[in-house]
Amino acid sequence: MQTLDKTQTKFAQLTARLSEVIDIESASSVLYWDQATYMPAKGASARGRQLGTLKQISHEKFTDPKIGELLEDLRSYEQSLPYDSTAASLIRIARRDYDRAVKVPAAFMAKLCRHQADCYEAWAVAKADNNFAAVASELETTLELSRQYADFFPGCEHIADPLIDRSDYGMKVSILRPLFAQLRQALVPIVEAITSYPPADDSCLQQEFPAAQQLEFTHTVVERMGYDFQRGRQDLTLHPFMTSMSIDDVRITTRVYEDRLDQALFSSIHEAGHALYELGNSPELEGTMLAGGISSGVHESQSRLWENLVGRSRGFWECFYPQLQGVFLRQLGNITTDRFYRAINKVARSLVRTDADEVTYNLHVAIRFDLELAMLEGKLAIRDLPEAWRERYRSDLGIVPPTDSEGVMQDVHWYCGTIGGMFQGYTLGNLMSAQFYETAVKAHPEIPVEIEQGNFDILHKWLKQNIYQDGRKYTAAEMVDRVTGSPLSIDPFIRYIRHKYGEFYVI
Ligand code: ZN
């Protein structure tokens, strides 16, 4: 009896300490959200300092040896509980995060952070001037620091594994390399077949669409998806993102181009998909380390599921297109649903990942993933990176970026993060989105009919029950297996692409 009491006390101490860490991180999220939405430009340097201070406090609190002791003392308690119980999962996930956090010295993380800020500044200038040489030496330091980060995890199979592990725990090069190679092999001929046809006409999306009306329409759409404006809000930003301050405060952001209809619309659906995930966490996870999403891959699977499998489906627009036409009568009054559907699903060999369609998108990711590995393995020097980039775009997508700004400098990731671990989540998310959706429709064949009626209740409930409510309890591999009964595979994604685009093209 006494030991049980003692255990309960220790568990309570652990959760109290962890919830302080979570509270500090949530406060940082508010500061970050403010920085990216409303903060005046000149507030940036003080805000950077404030965020740095909070990061240091939360890191110190989390890596306090007392937490390590409590985690150790609670080991047998954890083992006495079912694996999927909230208490056991909390101890397990806290230990995993703790073990990683204490392996990397705080001084190294601070150095990496400072370097990332410098490299980002250099990138912004180099990109504007189309001058890769101006950022090359900073990027060499990033590569060196990325290698040093991996050194804190001796015994890993591949140097990129610890970097991948940070955002996609449990994934590693020996799983991802063959998976992505297989995907590339399946996609290249599909892209070749589709692009041998005349491109879809998407001029209807490139007209003048006033911002206020665009925002009103996206508001309606995300609300119908189930995004709760009592527990969130949408604001404007430069690079759309989702962030949460608690389970009852999960915010989304978007950007509007008045000469393009698709940006605000699909980025809003995308971010609302991320938000539904965290809003759907079980309330008992509030303020614990189990709140949130499993990994960047699983998180992306939810945003892409809503953005592409739902938001770019024909059924979705059977319902919403007449409403959209009502808002933009002058621009879309003479455009049929079919023409609009084809415009939002135009497939093209393009230079920019963020603008890529769902068929070619993963080819962009595979290029970055392979180049990251080559750099970490010492097979590709930074000075040869722009040419290696051009070469891969030539061979995989059949186009060559005319400038490095549109090539190797287009994504911010390497220039404000690490080399390694930055891109795999996007493709993992695309693959999982198809695998989850296929399973949902198998369980509830009425889902597509509901979507045609603008009703997402069954799909939303299924996602909540099977994925959202568990927060971070499981690994991505466990989640895919539990939900779909199979390991992660490229097959559902390829089936989805073949079925959808097979309507218009012989592929
Ligand atoms: Zn996303």
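Begin the tour with the cysteines, where the count of disulfides comes to 0. Keep in mind throughout that what is on screen is a predicted model. Select Cys113 and look for its closest cysteine sulfur, which belongs to Cys416 and is 11 Å away, too far for a bond. With a relative accessibility of 45%, Cys113 counts as partly exposed. Then select Cys416, which is in no disulfide either, since a disulfide needs two cysteine sulfur atoms within 2.5 Å and the nearest one to Cys416, that of Cys119, is 8.5 Å away. Cys416 also counts as partly exposed, in its case at 33% relative accessibility.

**The zinc ion**

Select the zinc ion next, and show the side chains around it. Which residues coordinate the zinc ion? They are His270 and His274, each through NE2, and Glu300 through OE, at 2.1 to 2.3 Å. If you follow these donors along the chain, their spacing reads H-x3-H-x25-E. Colouring by helix helps here, because His270 belongs to helix α11, residues 262-279, while Glu300 belongs to helix α12, so that this pair ties together parts 30 residues apart in sequence. Switch on the surface and you will find that His270 and Glu300 are both buried.

While α11 is still highlighted, step back to the loop between β3 (249-254) and α11, where Leu261 is found. Leu261 has a relative accessibility of 3% and therefore counts as buried. If you draw a distance from the C-alpha atom of Leu261 to that of Ser196, the separation is 26 Å, for two residues that are 65 apart along the chain.

**The second largest pocket**

Now move to the second largest pocket, which has a volume of about 560 Å³. Its lining is made up of 21 residues, and the ones to select for its centre are Leu309, Ser313, Tyr437, Tyr496 and His499, which lie nearest to that point. Two or more lining residues come from each of the helices α12 (296-310), α13 (314-327), α19 (424-443), α20 (447-452) and α23 (491-501). How many residues of each class line this pocket? Sorted by class, the lining holds 9 nonpolar, 4 polar and 8 charged residues.

From here, select Gln453, which is placed in the loop between α20 and α21 (457-466). This residue is exposed, because its relative accessible area is 54%. A distance drawn between the C-alpha atoms of Gln453 and Gly315 comes to 8.0 Å, although 138 residues separate the two along the chain.

**Salt bridges**

The structure holds 34 salt bridges, and a few of them make good stops. Go to the N-terminal side of the chain and select Glu20 with Lys61, whose closest N and O atoms are 2.8 Å apart in a salt bridge. Glu20 is part of helix α1 (residues 2-37) and Lys61 is part of helix α2 (residues 44-62), so this contact ties together parts that are 41 residues apart in sequence. Are these two partners buried, partly exposed or exposed? Glu20 counts as partly exposed at 39% relative accessibility, and Lys61 counts as partly exposed at 34%.

For the next stop, select Arg312 and Glu307, which form a salt bridge with 3.1 Å between the closest N and O atoms. Here both Arg312 and Glu307 are buried.

Continue to Glu438 and Arg495, whose side chains meet in a salt bridge of 2.9 Å from N to O. Because Glu438 lies in helix α19 and Arg495 in helix α23, the pair ties together parts that are 57 residues apart in sequence. Glu438 counts as partly exposed with a relative accessibility of 23%, and Arg495 likewise counts as partly exposed, with a value of 46%.

To see several charged side chains linked to one another, select Asp97, Arg100, Asp165 and Arg472 together, for these four are joined in a network of salt bridges.

**A last stop: Asn130**

Finish at Asn130, which is found in the loop between α6 (106-128) and α7 (133-151). What is notable about the backbone of Asn130 is its phi, near 50°, a positive value in a residue other than glycine. At 34% relative accessibility, Asn130 counts as partly exposed.

Notes. Residues numbered from 1 in each chain as written. Predicted model: local features only at pLDDT ≥ 70, side-chain atom pairs only at ≥ 80, totals over all residues. Heavy atoms only, no water. 1 Å grid on protein atoms, 1.4 Å probe; cavity = no way out; pocket = protein on both sides within 12 Å on 5 of 7 lines; lining within 4 Å. Points joined across faces, edges and corners; volume = space filled by probe spheres on them. Helix = DSSP H or I, 4+ residues; strand = E, 2+ residues; numbered from the N terminus. Nonpolar A, V, L, I, M, F, W, Y, C, P; charged D, E, K, R; others polar. Donors = N, O, S within 2.8 Å, 3.2 Å for Na, K, Ca; no water. Buried < 20%, exposed > 50% of the residue type's maximum accessible area, 1.4 Å probe, protein only.
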